[in-house]
Amino acid sequence: GEGNPYASIRIPALLSIGKGQLLAFAEGRYKNTDQGENDIIMSVSKNGGKTWSRPRAIAKAHGATFNNPCPVYDARTKTVTVVFQRYPAGVKERQPNIPSWNGGSSWTKPQEITKTTKRPSGVDIMASGPNAGTQLKSGAHKGRLVIPMNEGPFGKWVISCIYSDDGGKSWKLGQ
């Protein structure tokens, strides 16, 4: 709370990356609304959550809004991918119709994945999460990264998922 520029911090997601290291992600909201010019922020704990770094923005919205951070850790490549949605400035949810591993100290530029993860019709909103994704540890798709999703028009939500078989470089809509 103290010293951050945000009116509120909401929609947390916690990710364990092993050896007592935890990454906590959330929306840093400049206004107390869902589409309040939110940044995606992160804090790091290296001792199982006993102490935490100060939150810092890993994706700055610059007037747009970023919502629902949904991180997933790839144990093979030792990278973290954070999926979130972006609302351009002035767009609201109820209107019709994104690596290198260094402990979370730097992030690549967000990548647009809408074309490969959103159904071509009948879906106005794709929202990641809530909370964290997972990496499959066994079976035919061992290593696959999976992110939970909500699809809608507002108020008519359907649960789905997106997945990546290449360490988060590309994403596809699951069934």
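Q: What percentage of the 175 residues in the chain is buried?
A: Let's start with the whole chain, keeping in mind that this is a predicted model. A residue counts as buried when its relative accessible area is under 20%. Out of the 175 residues here, the share that is buried comes to 43%.

Q: How much accessible surface does the chain have, and what share belongs to carbon and sulfur atoms?
A: Now for the outside of the chain. Its accessible surface comes to about 9,800 Å². The part of that surface belonging to carbon and sulfur atoms is 54%.

Q: Where does the helix come in the pattern of helices and strands along the sequence?
A: The chain has 11 strands and 1 helix to place. Reading along the sequence, you go through β-β-β-β-β-β, then α, then β-β-β-β-β. That puts the helix right between β-β-β-β-β-β and β-β-β-β-β.

Q: Is threonine 65 buried or exposed?
A: Threonine 65 sits in strand 5, which covers residues 65–74. Its relative accessibility is 3%. The cut-off for buried is under 20%, so threonine 65, at 3%, is buried.

Q: Which residue's backbone nitrogen lies 3.0 Å from a polar atom of the threonine 65 side chain?
A: Leaving aside neighbours within four places in sequence, threonine 65 is in contact with several residues, including Asp34, Gly36, Glu37 and Tyr87. One of these contacts, Glu37, brings its backbone nitrogen to 3.0 Å from a polar atom of the threonine side chain. The residue you want is glutamate 37.

Q: Is asparagine 131 buried, partly exposed or exposed?
A: Asparagine 131 is in the loop between strand 7 (125–128) and strand 8 (134–135). Its relative accessible area is 37%. Partly exposed is the band between under 20% and over 50%, so asparagine 131 is partly exposed.

Q: Which backbone nitrogen does the side chain of asparagine 131 reach at 3.3 Å?
A: Not counting residues up to four places away in sequence, asparagine 131 touches Pro12, Ala13, Leu14, Pro69, Cys70 and Pro71. From that list, pick out Leu14. At 3.3 Å, the asparagine side chain reaches the backbone nitrogen of leucine 14.

Q: How many disulfides does a search of the whole structure find?
A: Take two cysteines as examples: cysteine 70 is buried at 0% relative accessibility, while cysteine 161 is partly exposed at 23%. A disulfide needs a pair of cysteine sulfur atoms within 2.5 Å. Searching the whole structure for disulfides gives a count of 0.

Key. Residues are numbered from 1 along each chain as its sequence is written. This is a predicted model: local features need pLDDT of at least 70, side-chain atom pairs count only at pLDDT 80 or more; totals for chains, interfaces and linings use all residues. Side-chain values use heavy atoms; hydrogens and water are left out. Helices (H or I, at least four residues) and strands (E, at least two) are DSSP runs, numbered from the N terminus. Buried means under 20% relative accessible area, exposed over 50%, partly exposed in between (1.4 Å probe, protein chains only). A polar contact is a pair of N or O atoms within 3.5 Å; within protein, one must be able to donate a hydrogen and the other to accept it, and residues adjacent in sequence count only if both atoms are side-chain atoms. Contact means heavy atoms within 4.5 Å. Accessible areas come from the Shrake-Rupley method with a 1.4 Å probe; for residues, only the protein chains shown count as cover.
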